[in-house]
Amino acid sequence: MGEKTVAISLTCSKRTDTMVKLHEMFESLNLKIITVNITAFSDRVLKTVFIEADNEEIDVLKIKIETAISTLNGLHNPKVTYLY
């Protein structure tokens, strides 16, 4: 990945409103999104978001994303992974 690229992978339960909630959550954070990949399994959704961020921003972004995810209802134990 590039020097300023961070990949955020989020796996959660698949429900009818999951994608809308995830999209709204990422959009509300005003991130510099490069691209998004979505994979749906029988009962799970994997969303990988590639964003542009400086090294100094990464810790702040983690807190923002985890806080935003914790406010979402219905994602049932989301798992978040960050790749730099």
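So, which strand does β1 pair with over five bridges, and in what sense? It's β4, residues 79-83, and the two pair in the antiparallel sense. Strands here are DSSP runs of E, at least two residues, and helices are runs of H or I, at least four, numbered from the N terminus. Two strands pair if DSSP finds at least two bridges between them.

Quick caveat: this is a predicted model, where local features need pLDDT of at least 70, side-chain atom pairs count only at pLDDT 80 or more, and totals for chains, interfaces and linings use all residues. Residues are numbered from 1 along each chain as its sequence is written, and side-chain values use heavy atoms, with hydrogens and water left out.

Okay, back to β1. In that β4 pairing, Leu10 sits opposite Val80. β1 also runs antiparallel to β3, residues 44-52, with nine bridges joining them, and there Ala7 faces Phe50. β1 itself covers residues 5-13, and eight of those nine are buried. Buried means under 20% relative accessible area, exposed means over 50%, and partly exposed is in between, with a 1.4 Å probe and protein chains only.

Now, how many salt bridges does a search of the whole structure find? Just one, counting a Lys or Arg side-chain nitrogen within 4 Å of an Asp or Glu carboxyl oxygen. That's Lys4 with Asp54, at 3.2 Å, N to O. Lys4 is in the segment before β1 and Asp54 in the loop between β3 and α2 (55-71), so the pair ties together parts 50 residues apart in sequence. Lys4 counts as partly exposed because its relative accessibility is 42%, and Asp54 does too, at 27%.
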